[in-house]
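Here's a quick tour of a small set of structural features, written for someone who would rather be at the bench. Have a look at the model first, and then we'll walk through it.

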Amino acid sequence: MTDLKETLCGIARAIVDHPDDVTVLCDEDGKEVNLVLSVAESDMGMVIGKNGKIAKAIRTVMKAAAASDGRRVNVEIR
């Protein structure tokens with residue numbers, strides 16, 4: 001079983017300048033997983049990307065990881 005929280009945390013830490021400020025909150029409800037990604041204010045632009053392309057890519061990777069376990073995931077970036 002894929003640890004979605006650790007997967008998202010690893011992706012975010014690889015992108016940002018302040019990896020110690022990355023936190024992920026996880027709320028599981030059956031096969032539905034809600035993840036809330038928080039980063040430093042100065043790193044927000046790196047995580048969202050131009051026109052939201054990085055954020056979309058992160059969500060796509062997370063959905064693929066969740067689908068391998070038959071789960072659904074929602075990623076919120078704050």
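Which residue forms a salt bridge with Glu76? The partner is Arg78, and the closest N and O atoms of the two are 2.7 Å apart. Glu76 counts as partly exposed, at 32% relative accessibility, while Arg78 is exposed, with a relative accessible area of 53%. Keep in mind throughout that this is a predicted model.

**The overall picture**

Let's step back to the whole chain. It has three helices and three strands, and from the N terminus on they run α-β-β-α-α-β. Along its principal axes, the C-alpha trace spans about 35 × 25 × 15 Å. A compact globule with 78 residues would have a radius of gyration near 12 Å, and the protein chain agrees with that because its own value is 12 Å.

As for what's inside and what's outside, buried residues make up 35% of the 78 residues. The chain exposes about 4,800 Å², and carbon and sulfur atoms supply 51% of that area. If you take the contacts between residues at least 6 apart in sequence, 56% of them join residues at least 24 apart.

**Charges and salt bridges**

Now for the charged side chains. The protein chain has 11 positive and 13 negative charges, and the mean positions of these two sets are 9 Å apart. Side chains of opposite charge can pair when their charged atoms come close. The structure holds four salt bridges, including the ones in this table:

| Pair | Closest N to O |
|---|---|
| Arg71 and Glu28 | 3.7 Å |
| Glu32 and Arg72 | 3.7 Å |
| Glu76 and Arg78 | 2.7 Å |

Take the salt bridge between Arg71 and Glu28. This pair links distant parts of the chain: Arg71 sits in the loop between α3 (53-67) and β3 (72-77), whereas Glu28 belongs to strand β1 (residues 23-29), 43 residues apart. Arg71 is also a buried residue, with a relative accessible area of 11%, which falls under the 20% cut-off. There's a bit more company here too, as Glu28, Asp69 and Arg71 are linked in a network of salt bridges.

What about the neighbouring entry in the table? The side chains of Glu32 and Arg72 meet in a salt bridge. Glu32 lies in strand β2 (residues 32-38) and Arg72 in strand β3, so the pair ties together parts that are 40 residues apart in sequence. On accessibility, Glu32 is partly exposed, with a relative accessible area of 29%, but Arg72 is exposed, at 60%.

**Two more spots to click on**

Which backbone angle stands out at Asn51, given that it is not a glycine? Asn51 has a positive phi of about 60°. You'll find Asn51 in the loop between α2 (44-48) and α3. It counts as exposed because its relative accessible area is 65%, and the cut-off is over 50%.

Then move along to Thr60, which is found in helix α3. Thr60 is exposed as well, with a relative accessible area of 53%. How far is its C-alpha atom from that of Val73? The two C-alpha atoms are separated by 9.8 Å, and the residues are 13 apart along the chain.

Definitions and conventions
Residues are numbered from 1 along each chain as its sequence is written. This is a predicted model: local features need pLDDT of at least 70, side-chain atom pairs count only at pLDDT 80 or more; totals for chains, interfaces and linings use all residues. Side-chain values use heavy atoms; hydrogens and water are left out. Helices (H or I, at least four residues) and strands (E, at least two) are DSSP runs, numbered from the N terminus. The radius of gyration is taken over C-alpha atoms; the globule rule is 2.2 Å times the number of residues to the power 0.38. Buried means under 20% relative accessible area, exposed over 50%, partly exposed in between (1.4 Å probe, protein chains only). Contact means heavy atoms within 4.5 Å. Accessible areas come from the Shrake-Rupley method with a 1.4 Å probe; for residues, only the protein chains shown count as cover. Lys and Arg count as positive and Asp and Glu as negative; His and the chain ends are not counted. The place of a charge is taken as NZ of Lys, CZ of Arg, CG of Asp or CD of Glu.
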